[in-house]
Amino acid sequence: MAYSSFLQMNEEFSLLIVMISLLVFDIFATEKSMRYFQPLALVLFTLHTVINCIPRDAFEVAGGMFHYVPMQTYVKTILNIGTLIILLQAHQYLNDEANRIKKGEFYFLTLSTLLGMYFMISAGNFLMFFIGLETASIPMSTLVAFNKTDHKAAEAGAKYILSAVFASSISLFGMSLIYGTTGTLYFNEIATVFTGTSLQMMAFVFFVVGLFFKISLVPFHLWTPDVYEGSQTNITSYLSVISKGAAVFVLFTLLVKVFPKIITEWQHILYGLAVLSITVANLFAIRQQNLKRFLAFSSISQAGYILLAIISGTALGMASLVYFVLVYMFSNLAVFGVLSVIEQRTKKVLMSDYNGLYQTNPKLSIVMMIALFSLAGIPPFAGFFSKFFIFSAAVQQGFYVLVFIALLNTIISLFYYLLVIKAMFIDVNDAPIEKLESDFPAKISFVICTLGILIVGLISSFYNQIAVFSFGI
Amino acid sequence: MQYTLLIILLPLLSFIVLGLMDSKLKPKVAGAIGVSVLGIITLLSYISAFEYFYLHKIEGVYEKLVPLHIEWIRFNEFLHIDLGILLDPISIMMLVVITTVSLMVNIYSLEYMKGEKGFQRYYAFLSLFTFSMLGLVVATNIFQMYIFWELVGVSSYLLIGFYYTKPSAVAASKKAFIVTRFADLGFLIGILFLSFYTKTFDFNILNSGDASIFASTAGVSFMGISVMSWTMGLIFIGGAGKSAMFPLHIWLPDAMEGPTPVSALIHAATMVVAGVFLVARLFPVYHTYAPDVLHVIAYIGAFTSLFAAVIACVQTDIKRVLAFSTISQIGFMMVGLGVSGIGGHEGHEGLGYMASMFHLFTHAMFKALLFLGAGSVIHAVHSNEMNHMGGLRKYMPITNITFLIACLAIAGIFPFSGFFSKDEILAATFQFSPYLGATMSFIAGLTAFYMFRLYFNIFWGKEHKHEHTPHESPFTMAFPLVFLAAVTVVAGFLPFGKLVTADRSEYIIHLDPIVATVSIIIAVLSITLAALMYMKEKETPKQLATTFSGIFKMASNRFYIDEVYIFITKKIIFNLVSTPIAWFDRNVIDATINNIGVVTQWTSHKTKRFQSGQVQQYAYVFLVGTLIIAAIMLFV
């Protein structure tokens with residue numbers, strides 16, 4: 001066996017090197033040199049992002065356990081950029097007196113989950129996939145409970161790990177049934193022998209709900225608001241963007257690559273879940289007063305929209321999915337960034353606290369407004385184009401009714417996004433949030449996000465680049 | 001010639017800088033930014049014109065250059081929206097016209113707009129307009145042109161409504177926007193038709209003369225008119241809106257509510273000729289596939305020209321006289337295009353096209369000069385009304401001389417530039433139809449009459465009592481006048497036939513001696529008439545007005561076209577169409593949306609129990625969900 005073939009896993013190795021360097025630095029650094037930890041980490045991670053952003057030719061490692069296709073580079077780069085933005089936004093939080101000593105852990109845990117997602121994305125075998133999934137979710141639960149002395153965070157951590165274990169066990173049960181009926185765990189081999197007998201159908205359903213849990217589709221979403229609310233805001237944004245982005249991509253590739261023979265069946269499942277997720281999440285989002293819970297439901301409904309791309313099962317669907325994730329990342333991280341700046345300094349997360357924000361913090365309000373408009377899908381912001389492509393992918397496959405339902409729901413979603421904008425710009429408040437000064441890294445993250453929202457939609461080469469590799473899935 | 005991209009982008013940059021600076025700049029700095037950016041791009045466009053006309057000629061034919069081409073949105077293999085730069089003789093000519101006039105207006109405004117609230121905003125809008133207009137003329141495809149076409153409309157709206165505290169300015173800006181937008185609807189439908197049948201937006205493909213592109217339109221007709229006539233007719237409606245052709249001309253006189261330099265730039269020299277440019281850009285298509293539409297354009301142009309010239313004879317607001325004169329002159333350009341053919345140097349078929357472009361060029365210069373001169377007068381006497389002026393020649397010598405030069409040019413007196421371009425249009429028209437030619441000659445006479453009525457009323461005649469003595473404008477306002485006057489004097493001798501022609505190859509102009517002599521005689525006679533009537537205070541004009549009181553009143557009221565529009569919109573459209581639609585909107589559409597809201601709130605309230613916060617319940621729901629899906633998959 002040629003061990004040198006392992007070296008082809010560039011992304012994974014480079015991320016591992018970053019992680020280990022940071023870990024070593026954290027252990028041996030003196031109190032004084034710890035000042036350089038964050039700049040070093042950001043530089044290393046940016047470097048890692050830059051050197052790994054060029055797609056390569058497809059290859060396999062370890063007899064197909066690890067299966068790379070060029071599209072994965074784009075997905076991993078999107079996750080990298082998102083993680084970078086989150087690290088920038090968490091900068092201030094980690095410099096707080098209470099969290100200073102936990103800096104190293106934060107970075108190491110975050111990057112571990114990212115590494116897990118890398119493996120999950122590039123897996124060619126169910127074992128590899130499962131290892132990736134767990135590598136992503138176990139550090140995640142510690143991150144959720146990062147403020148371990150905080151009652152809510154601890155509760156959220158417990159809820160997350162319990163739900164995740166529950167989902168994993170059901171998923172693992174499904175995998176074992178798949179192995180039992182097909183005699184293999186390799187994706188490409190399963191694809192040829194998986195015909196959709198009753199037992200296989202049951203196996204498929206058990207397996208796939210594990211991913212539905214990750215993406216938090218209704219009715220597997222109940223953990224989401226509690227965990228989002230309880231955990232630290234930057235972690236919430238990580239959960240809602242990075243973790244979800246990786247999972248939807250994996251779901252798409254698995255469905256198309258491993259289960260092409262039962263496409264009509266899984267299309268039925270996704271159809272129902274898309275309608276449920278979008279509608280139920282919208283219904284709940286309207287009532288939320290806590291903005292973090294509000295965004296939890298908003299992200300559930302966004303996940304429902306993503307299903308419209310997956311349900312098509314075509315190359316166009318693939319391209320629109322990756323594009324959607326890219327745009328969703330910029331928009332959602334901008335909103336979470338504003339939230340985290342405000343929460344950090346004032347501890348305020350209720351919608352009523354945001355009344356009159358524009359008077360005191362016009363820049364933050366405008367960033368938030370642009371991001372919310374993008375989430376709602378209003379032109380000329382990128383969110384309009386990403387929804388447009390997703391809808392066209394679904395329409396192309398004849399899902400007219402589904403697209404119509406989704407369109408109706410965009411009206412509802414527009415309503416609740418506008419509620420926040422109304423609070424910031426129109427509603428009066430006797431004691432609005434005082435004028436805040438964002439820290440420099442957070443400012444950079446806002447610039448990146450705003451530019452992303454404005455440019456990714458208008459410059460079509462982003463979409464065209466993604467579309468180039470969507471045929472190879 | 002990649003640097004032409006800079007010509008387009010620099011004004012955008014200056015718009016962004018001036019727009020984002022939030023009035024923090026000192027007016028001087030804002031003005032300096034505007035003027036210096038314009039100075040640079042004017043220089044660049046002159047360089048590009050020299051380079052193009054000297055170097056890019058192959059076997060006597062000017063090349064079509066595409067120095068920049070980006071595919072922006074792709075629909076399918078054939079149909080994609082691109083952004084790019086197309087350089088050919090007409091777009092190069094337009095670059096020169098737009099940058100020159102815009103530079104002059106930018107310099108002029110330094111003084112004219114001094115102390116206005118929103119000085120910086122004014123310069124930002126001017127830059128936006130310049131950017132949009134430049135983007136329009138270099139468009140490589142009809143969709144890009146449409147995008148910039150609308151941007152031009154927006155910036156014109158912003159500039160007309162610059163004095164937004166004045167209700168009449170706000171009304172005028174809305175009127176201009178709505179009327180042209182309405183016309184653009186026709187343009188858009190035309191674009192969709194064209195792209196549906198030809199599968200392309202690209203001008204170079206459309207104009208390539210390749211008949212296979214239009215193969216699918218063969219034999220398709222609607223209501224007895226071929227589909228290409230419909231298409232090109234609809235596209236012309238867009239052009240007619242921007243170029244103020246009858247009956248879509250009603251917005252232009254009102255647009256004079258904007259600052260006078262804006263009128264010089266937008267409503268005299270550049271934006272209003274966009275319609276002419278559009279027809280010229282698609283001329284090969286018009287000529288080959290919709291010759292009947294081209295003839296209709298000629299007749300509409302001639303009628304508009306006559307109509308506007310008659311109205312111009314009785315207006316008393318000097319800017320409105322100039323506005324109607326602009327409409328009338330654009331009519332001339334449209335006639336020139338409408339009667340033209342392509343190529344054929346012996347038979348002079350291409351004369352009309354060349355003459356029309358020539359007239360566009362010379363008209364831009366002398367009409368901008370007239371407007372800036374009028375601005376200078378208004379600046380001095382603080383009124384737009386003719387009878388508040390008179391005898392100003394003593395106080396404002398520079399304005400007087402330059403205004404006179406422009407009047408002589410527009411009247412068509414040798415050797416000023418208007419003589420050459422107008423005579424070529426007349427010659428081409430006579431070739432097409434002697435009757436039309438005679439009509440146009442008559443309009444030319446009217447033009448000379450009303451322009452000199454204007455001139456004598458302002459600078460001669462009885463002196464009006466002024467609150468303070470009028471004074472000559474300072475250097476920053478006088479310089480543009482002198483510069484444009486110099487251009488007006490020499491532009492007629494430009495070898496235009498060698499530069500801008502329908503088939504991009506050289507064309508030797510022969511002035512038709514009979515037409516030239518006759519038109520000079522008509523012009524001189526008209527000027528003499530105007531001199532007799534208006535040079536000294538006399539009773540003749542008033543007597544004439546009472547004798548022909550009917551037509552005088554109708555012309556003063558602009559033949560009641562505005563009233564017709566108001567009747568149609570308020571009485572017919574509002575009552576018969578809008579009221580039922582409003583009812584439907586309120587009671588069906590709004591009600592549906594509101595009910596979605598009500599139902600949503602209600603359901604949202606009813607289902608909140610599911611989110612209990614207990615993790616064991618979450619797991620339970622999770623499991624039930626899984627089992628239900630599995631059951632559906634297995635048993636349904």
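**Reasoning about a predicted model**

In this predicted model, chain A holds 19 helices and 2 strands.

User: What makes chain A as compact as a globular protein of its length?

Analyst: The radius of gyration of chain A is 21 Å, and the globule rule gives 23 Å for 473 residues; the two values are close, so chain A is as compact as a globular protein of that length. Its C-alpha atoms fill a box of roughly 65 × 55 × 45 Å along the principal axes.

User: What percentage of the residues in chain A is called buried, and what makes a residue buried?

Analyst: A residue is buried if 20 or more other C-beta atoms lie within 10 Å of its own. Of the 473 residues in chain A, 56% are buried.

User: Why are α15(A) and α18(A) called oblique to each other?

Analyst: The axes of α15 (residues 362–376) and α18 (residues 440–458) of chain A cross at roughly 40 degrees and come within 10 Å. Angles under 35 degrees count as roughly parallel, and those of 65 to 115 as roughly perpendicular. The angle of roughly 40 degrees belongs to neither class, and the two helices are therefore oblique.

User: Which residues make the contact between α15(A) and α18(A)?

Analyst: From α15(A) come A:Val367, A:Ile370, A:Ala371 and A:Ser374, and from α18(A) come A:Phe446, A:Cys449, A:Thr450 and A:Ile453. By class, 6 are nonpolar, 2 are polar and none is charged.

User: How many residues of chain A are in contact with chain B?

Analyst: In chain A, 28 residues are in contact with 26 residues of chain B. The side of chain A that touches chain B has 20 nonpolar, 4 polar and 4 charged residues.

Terms used:
Residues numbered from 1 in each chain as written. Chains lettered and ligands numbered in written order. Predicted model: local features only at pLDDT ≥ 70, side-chain atom pairs only at ≥ 80, totals over all residues. Helix = DSSP H or I, 4+ residues; strand = E, 2+ residues; numbered from the N terminus. Rg over C-alpha atoms; globule rule 2.2 N^0.38 Å. Buried ≥ 20, exposed ≤ 12 C-beta atoms within 10 Å, placed from the backbone. Contact = placed C-beta atoms within 7 Å. Nonpolar A, V, L, I, M, F, W, Y, C, P; charged D, E, K, R; others polar. Axes fitted to C-alpha atoms, helices over the stretch in contact; angles between N-to-C directions. Parallel < 35°, antiparallel > 145°, perpendicular 65-115°, else oblique.
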